[in-house]
Amino acid sequence: MSSTVERIILAGFGGQGILFLGKVIAETGMNSDKHVSWIPSYGPEMRGGTANCSVIISEHEIASPMVTVPDVVIAMNTPSVSKFNQKIKAGGMLMYNSSLIERQEFRDDIRLVEIPANEIAEELGDQKVASLVMAGAYIKFSKLITLDDILKTLPLMLKGKKQEMLDLNIVALKKGYDYVEEKKYMFGRYVHSVFKGI
Amino acid sequence: MKQVFGKTNVLSANPTHYCPGCDHGVVHRLIAESLEELEVADRSIGVAPVGCSVFAYDYFNIDFNQAAHGRAPAVATGIKRTRPDSIVFTYQGDGDLAAIGTAEIIHAANRGENITVVFINNGIYGMTGGQMAPTTLVGMKTQTSPYGRDAATMGSPIRVSEIIATLESPAYVTRVTVNNIANQIKTKKAIKNAFTLQKEKKGFSFVEIVCICPTNWGKKPTDAHKWLTENMLPVFPLGTFKDIHGIEKA
Amino acid sequence: MAKVLMKGNEALGEAAILAGCRYYFGYPITPQSELPAYLAKRLPQVDGVFVQAESEVSAINMVYGAASAGARVMTSSSSPGISLKQEGISYIAGAELPCLIVNVMRGGPGLGNINPSQSDYWQATRGGGHGDYRTLVMAPNSVQEMADFTLAAFEYADRFRNPVLMLSDGVLGQMMEPVVMPAPKDYDMDSKKWSLGYTGKDKTARNLCTSIFMGQEELEEHNWSLYQKYQVITDFFKANKDLAVEEYLCDDAEVVLVGYGIISRILKTVVEKCRKRGIKAGLVRPKVLWPFPSDVFAKLADKASKFLVVEMSYGQMVEDVKLAVEGKKPVYFFGRTGGAVPSDFEILNEVDKIVRPD
């Protein structure tokens with residue numbers, strides 16, 4: 001990933017917390033004095049349909065907020081992979097929820113990162129925090145925002161919610177972050193197809 | 001010599017453009033007198049419709065808005081919400097209120113807007129030259145029902161007061177007429193009741209007045225009032241359909 | 001004030017409150033529904049009035065009523081709903097009342113779809129409703145401008161006693177960006193001594209709000225006075241070019257890209273990519289669409305060699321650009337519709353075609 005701009009598409013089922021996940025990343029970027037933008041897909045499919053949003057975090061002013069060629073795609077379900085896989089920039093990254101998406105022949109010019117987000121969330125007792133697991137995993141790769149940044153932002157975003165909920169979200173975040181670290185994705189050990197440089 | 005009758009100052013000195021014998025002049029006077037007697041003229045705002053009374057504002061010495069066809073209750077809503085201490089009324093004919101403005105009147109009534117609506121029902125479009133209105137009687141010949149209104153294809157007269165009275169919110173719904181002096185006095189009372197309720201912030205008031213259109217009915221004014229009594233009133237019975245605060249008894 | 005991450009629709013709503021707007025009348029339609037939802041929550045907190053009307057027709061007529069009574073007032077909708085409001089907008093323009101109308105454009109004609117679009121340019125800048133009138137049309141291109149332009153819009157509306165139309169689109173309405181809310185303005189509706197219900201001691205005659213002028217001479221005089229007002233508005237933006245238009249790298253530009261709203265953001269990226277590739281590209285971005293900043297194009301037509309207009313339509317603003325360029329230089333066009341937002345790559349490809357024709 002470039003060290004000055006990260007263009008991300010996040011996608012999944014409606015109800016998987018995709019839009020919120022995008023907001024967490026954008027808001028964290030803003031609080032870390034980065035330029036950010038967030039654009040949702042919007043439509044009549046309010047529940048159960050596909051949802052996606054585009055997020056940009058940048059050191060510089062964002063001219064176009066549209067993400068046509070993402071550096072990163074965070075996919076929570078199989079249709080999202082089909083929809084966005086081909087759009088990822090060569091050398092970019094597909095981070096996918098391996099609890100719901102089977103390993104398959106992806107492209108060989110992108111980095112693949114699998115996170116069993118639903119399984120991790122389930123261990124924590126709430127499927128709903130799967131998106132936060134993904135956020136934690138993403139942070140590990142980001143060159144523009146850190147775990148500390150997101151831990152500062154999350155309480156602001158969940159103001160008014162119960163303390164247990166905030167705690168659960170934070171644990172989920174850290175689990176995702178640690179999962180990447182433990183699996184040493186940073187070194188490409190679990191990248192299961194040919195990977196041409198980032 | 002002692003003066004026993006005078007023109008209210010709420011009416012302007014402008015001669016009206018209405019046809020000889022038209023009931024608009026009578027109703028204008030009743031409204032103006034009511035506003036004067038209730039001492040609210042200086043904070044009253046009228047909303048004129050599209051129809052014969054489009055220039056109603058020329059005949060009242062109060063603030064006025066001229067609305068698009070049928071939209072007077074929406075315009076009055078905007079005015080009243082902005083100036084809640086004003087006395088706001090619309091003055092609308094049957095084409096304006098019961099055809100193109102059906103949505104606006106029903107919903108202003110249903111929101112219980114604290115306004116007064118004066119509805120002139122003479123069963124015909126006057127200004128455009130005598131076309132069929134939603135309140136035209138079955139069999140009545142007009143420019144656009146030259147063979148008489150056929151209920152099978154053109155529907156039957158809409159009774160707006162009865163419809164409005166089915167709603168929860170309106171405070172006062174009444175139908176009156178000005179076909180003779182006694183009824184004119186009753187109409188004045190109804191209009192005054194309506195404004196009194198508004199003054200006391202008691203909600204939506206609706207006064208339907210069954211009127212004549214001698215020109216487009218093709219009748220002399222005296223004959224027209226007789227025709228109204230014999231033909232209109234059986235279809236549009238006089239009476240109060242709703243009076244939740246008991247203003248008529250007060 | 002601190003930066004807040006907000007949707008364009010919501011930023012516009014908050015800015016309206018800061019502008020002193022306390023009256024909103026509207027009807028739900030995607031993709032602007034966040035705006036009424038936001039104001040339904042916020043207006044009661046500031047003793048304001050929110051009414052969900054029975055239709056867009058009623059909503060604009062409530063605006064007409066409230067504006068005639070002196071309110072800072074607004075409505076919002078999206079394309080099909082804006083068509084319904086045209087009757088009321090014509091009356092408001094005719095009666096010379098100030099108000100803000102927001103169009104978060106979606107695709108048409110007919111029911112079209114709910115995707116972002118710029119296909120209401122003609123409707124917005126040509127009047128839209130019946131009669132010889134103009135609405136001042138503003139085109140923000142960021143969430144920050146959704147807020148800033150809203151404050152400006154209310155000021156212009158009052159200053160010129162004219163409706164102002166904010167022409168936004170689905171992307172700008174739905175997008176979140178950091179925004180610094182502008183400072184609030186004080187507003188006193190009794191400063192409008194012409195308003196209905198004004199009861200100040202200096203009131204000598206009754207106030208009347210109307211758009212009917214029956215006599216030929218009467219109406220012609222009214223139309224003439226409207227026309228003169230439109231000239232004043234045009235001159236104002238000519239004299240304050242920075243309020244009306246943004247020029248980016250135009251000084252030495254051979255190819256001038258032209259776009260408004262969200263498209264102008266993409267064009268900026270295209271200009272940067274062009275420059276990296278040695279193509280001298282620049283950008284003109286009208287912030288005000290009526291009055292159209294024609295003189296800026298007239299001047300550039302003497303310097304630049306080509307213009308490329310990009311819109312989310314099959315070509316509407318391009319006609320104004322052509323009128324302004326007066327045939328001095330070729331004006332090319334590229335557009336996408338149906339909700340497709342043209343990508344920087346597509347546009348770059350178009351630039352290539354016109355710069356290096358094979």
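Read from its N terminus, chain A of this predicted model runs through the pattern β-α-β-β-β-α-β-β-α-α-α-α, a succession that comes to six helices and six strands. Of the 198 residues in chain A, 56% count as buried. Among the contacts in chain A whose partners are separated by 6 or more positions, 60% join residues that lie 24 or more positions apart. The accessible surface of chain A comes to about 8800 Å², and carbon and sulfur atoms account for 50% of that surface.

From this one chain the view can widen to the way the chains are arranged. Two pairs of chains are in contact, and of these the pair formed by chains B and C shares the most contacts. Chain C also touches chain A, in a contact that takes 26 residues from chain C and 20 residues from chain A. Between chain A and chain B, by contrast, no contact is found, and the closest C-alpha atoms of these two chains lie 27 Å apart.

The interface of chains B and C can be taken next. Here 31 residues of chain B are in contact with 32 residues of chain C, and the area buried between the two chains is about 2400 Å², with carbon and sulfur atoms giving 57% of it. On the chain B side, the residues that lose the most area to chain C are Asp63(B), Thr82(B) and Arg83(B), which together make up 26% of what that side buries.

Which polar features join these two chains? Between chain B and chain C the count is 18 residue pairs in polar contact, where both residues have pLDDT 80 or more, and there are four salt bridges. One of the salt bridges between these chains brings together the side chains of Arg71(B) and Glu87(C), with a nitrogen-to-oxygen distance of 2.9 Å. The elements of chain B that give two or more residues to the side touching chain C are strand S2 (63-66), helix H2 (72-82) and helix H4 (102-111), and H2(B) gives the most, with seven residues. By class, the residues on this side of chain B divide into 14 nonpolar, nine polar and eight charged.

The second interface, between chain C and chain A, buries about 1800 Å², of which 71% comes from carbon and sulfur atoms. On the chain C side, Leu5(C), Met176(C) and Arg265(C) supply 30% of the area buried against chain A, more than any other three residues. How many salt bridges cross the interface of chain C and chain A? The rule finds zero, although across this interface of chain C and chain A there are five residue pairs in polar contact, with both residues at pLDDT 80 or more.

Several elements of chain C each supply at least two residues of the side that touches chain A, namely strand S1 (3-7), strand S6 (113-116), helix H7 (170-174), strand S9 (176-180), helix H10 (262-276) and helix H13 (344-355). Of these, H10(C) gives the most to that side, with six residues. Sorted by class, the side of chain C that touches chain A has 13 nonpolar, six polar and seven charged residues.

Conventions: Residues numbered from 1 in each chain as written. Chains lettered and ligands numbered in written order. Predicted model: local features only at pLDDT ≥ 70, side-chain atom pairs only at ≥ 80, totals over all residues. Heavy atoms only, no water. Helix = DSSP H or I, 4+ residues; strand = E, 2+ residues; numbered from the N terminus. Buried < 20%, exposed > 50% of the residue type's maximum accessible area, 1.4 Å probe, protein only. Contact = heavy atoms within 4.5 Å. Areas by Shrake-Rupley, 256 points an atom, 1.4 Å probe, with all protein chains shown as cover. Buried area = accessible area lost by both parts, 1.4 Å probe. Polar contact = N/O pair within 3.5 Å; in protein donor to acceptor, adjacent residues only side chain to side chain. Nonpolar A, V, L, I, M, F, W, Y, C, P; charged D, E, K, R; others polar.
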